[in-house]
Each structure stands twice: as structure tokens, then as C-alpha cells.
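Grab a pencil and work through the exercises below with the model open next to you. Each one sets a task and then walks through the solution.

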Amino acid sequence: MRLKNLILGDMKFQYKYGFYAVYLILVILYSCILFALPEGWREKAADIMILTDPAAMGLFFMGAILMLEKSQRVINSIAVSPVETWEYIISKAVSISIISVLVALVLSLISGKSNVFGTLTGTFLGSIIFTMLGLWIAMKVKTLNSFMVCTVPIEIIFFVPAILYLFGIQSKWMLLLPACAIMHMYMGYDSYFFLCLLICVIWSTLILYLVNKTFAKVVRNMGGMKL
């Protein structure tokens with residue numbers, strides 16, 4: 001129940017600060033681009049759009065969200081509240097993934113993708129991973145500019161192999177990279193689909209452990225006392 005309320009609270013926060021409005025505009029823009037492309041290009045264009053924006057939106061926005069919550073003393077309140085750090089992290093990841101999945105659904109339908117379920121599943125898991133990575137970076141830096149600089153290497157490491165994979169430069173070992181596993185899920189069902197699903201779940205669990213450990217330390221320090 002507490003986690004559900006946290007997720008709903010984060011969704012209200014995102015609505016209040018215009019996340020849904022921004023992505024409504026972006027959906028319209030992306031839709032226009034897809035309609036302008038030749039029909040044979042739309043599916044791959046949609047895959048790239050979905051992976052690099054809605055699936056990765058948490059990577060871009062977590063810096064601004066955490067900076068804002070720091071200024072509002074939200075993080076400080078966690079130190080004296082019954083909310084667990086992992087609940088805070090999952091709440092952020094799930095609430096943002098809801099926007100990601102909605103945008104991915106619209107773009108998948110517009111582009112005529114046949115593998116909509118695989119795309120939505122990959123987008124949900126990708127959003128979880130990228131949001132937690134964004135949160136981890138945001139906890140390590142002190143300014144929004146520093147956050148933006150630090151996300152660039154992650155974008156290159158994750159997105160470039162995935163785009164190469166989409167265009168046929170493939171190896172089975174590339175599926176160990178979460179972005180390539182997500183892209184494979186976008187591309188259709190085969191014997192590797194559930195392997196890719198498992199790889200994304202493992203990455204999500206490992207990153208959750210890392211982020212929770214870092215965030216718990218931050219919260220303890222804010223509490224002003226170590227036991």
C-alpha cells in the first residue's frame with residue numbers, strides 16, 4: 001500500500017511539473033516524423049525513437065527531479081520517515097516507466113509494428129534500468145550541468161551498440177548489454193526473447209542493489225547520525 005501511494009504521488013508530481021504535457025508534444029512530433037518517412041523505414045525508426053527517448057527518459061529527467069526534490073527537502077524527509085530507500089527508488093522507476101510505455105504504445109501503433117507486446121515489455125524494463133542509472137548519477141553530482149555531462153558516456157555505451165544491432169551488426173554476446181537485449185525484444189519473438197527478458201531483469205536487480213546502497217548512505221548522512 002505504501003509503495004502504491006508513493007507511485008501515485010510521483011505520478012501526480014510528474015503531471016504537475018509537465019512531464020505528461022511534454023511527452024504529448026513529443027508524441028505528436030515523433031508521429032509527424034514517422035508519417036513523413038517511407039513505410040519501410042518506419043518500424044526501425046520507431047525502434048530507435050522508443051529506445052533513445054521514452055525508454056531512456058528517466059536517464060534524462062532524474063537529474064532535474066532529484067535536484068528539485070533536494071530543494072524541496074523531500075530527500076531529507078525520507079531520513080525521518082518509515083519509507084524505505086528501495087521503495088523510493090522503485091516508485092520513481094515505475095512511475096516514469098508508465099509514461100514510457102504509453103509513448104511506446106502510440107509510436108508502435110503509428111509505425112505499424114507487429115511486435116507491440118515485445119516493444120512495451122522492453123520499454124518498461126529499459127525505463128526501469130535507465131531511471132535507476134539516472135538516479136544513481138544524480139546522487140553523485142551536485143549540479144544539473146554535471147549530471148548532463150555524466151549521462152553522455154552512458155548514452156554512447158548503451159545506444160550505439162543497440163543501433164548497430166538493429167541494423168544487422170550482431171553478435172550473441174551483444175545481448176549481454178541491456179540496450180541490445182531490449183532492442184532484440186523490439187525486433188520480435190524468437191528463442192532468445194526470454195533470454196533477453198532475463199538479462200534485463202538481472203541488470204535491473206543489480207542496478208537496484210547499487211542505487212539502493214548509494215541512496216541509503218546519502219539518507220543516513222542526511223539524518224545526521226550514524227548508528
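**Exercise 1: a glutamate and its surroundings**

Glu69 is buried, because its relative accessible area is 4% and buried means under 20% (exposed is over 50%, partly exposed in between; 1.4 Å probe, protein chains only). A word on the ground rules: this is a predicted model, where local features need pLDDT of at least 70, side-chain atom pairs count only at pLDDT 80 or more, and totals for chains, interfaces and linings use all residues. Residues are numbered from 1 along each chain as its sequence is written, and side-chain values use heavy atoms, with hydrogens and water left out.

Task: find the helix that holds Glu69 and list what Glu69 touches.

- Step 1. Glu69 sits in helix 4 (residues 57–71); helices are DSSP runs of H or I, at least four residues, numbered from the N terminus.
- Step 2. Leaving out residues up to four places away in sequence, Glu69 touches Asp10, Val74, Ile75, Tyr88 and Lys92. Contact here means heavy atoms within 4.5 Å.

**Exercise 2: a pair of rings**

Task: classify the pairing of Tyr15 and Tyr20, then say how accessible Tyr15 is and how accessible Tyr20 is.

- Step 1. Rings of Phe, Tyr and Trp (its six-membered ring) pair if their centres lie within 6.5 Å; planes under 30 degrees apart are stacked, over 60 edge-to-face, and the rest tilted.
- Step 2. The structure holds eight aromatic pairs. In the Tyr15 and Tyr20 pair, the centres are 6.2 Å apart and the planes meet at 55°, so call it tilted.
- Step 3. Tyr15 has 62% relative accessibility, so Tyr15 counts as exposed. Tyr20 has 24%, so Tyr20 is partly exposed.
- Step 4. While you're on rings, mark the aromatic cluster formed by Phe19, Tyr23 and Phe61.

**Exercise 3: checking a helix length**

Task: compare the expected span of helix 6 with the distance between its end C-alpha atoms.

- Step 1. The expected span is 1.5 Å times one less than the number of residues.
- Step 2. Helix 6 (residues 85–111) has 27 residues, so it should span 39 Å; the end C-alpha atoms are 39 Å apart, which agrees.
- Step 3. Now look just past helix 6: Gly112 takes a positive phi of about 75°.

**Exercise 4: far in sequence**

Task: how far apart in space are Lys213 and Thr85, C-alpha to C-alpha?

- Step 1. Place Lys213 in helix 10 (residues 193–223). Lys213 is exposed, because its relative accessibility is 54%.
- Step 2. Lys213 and Thr85 are 128 residues apart in sequence, yet 8.7 Å apart in space.

How values were computed: Helix = DSSP H or I, 4+ residues; strand = E, 2+ residues; numbered from the N terminus.
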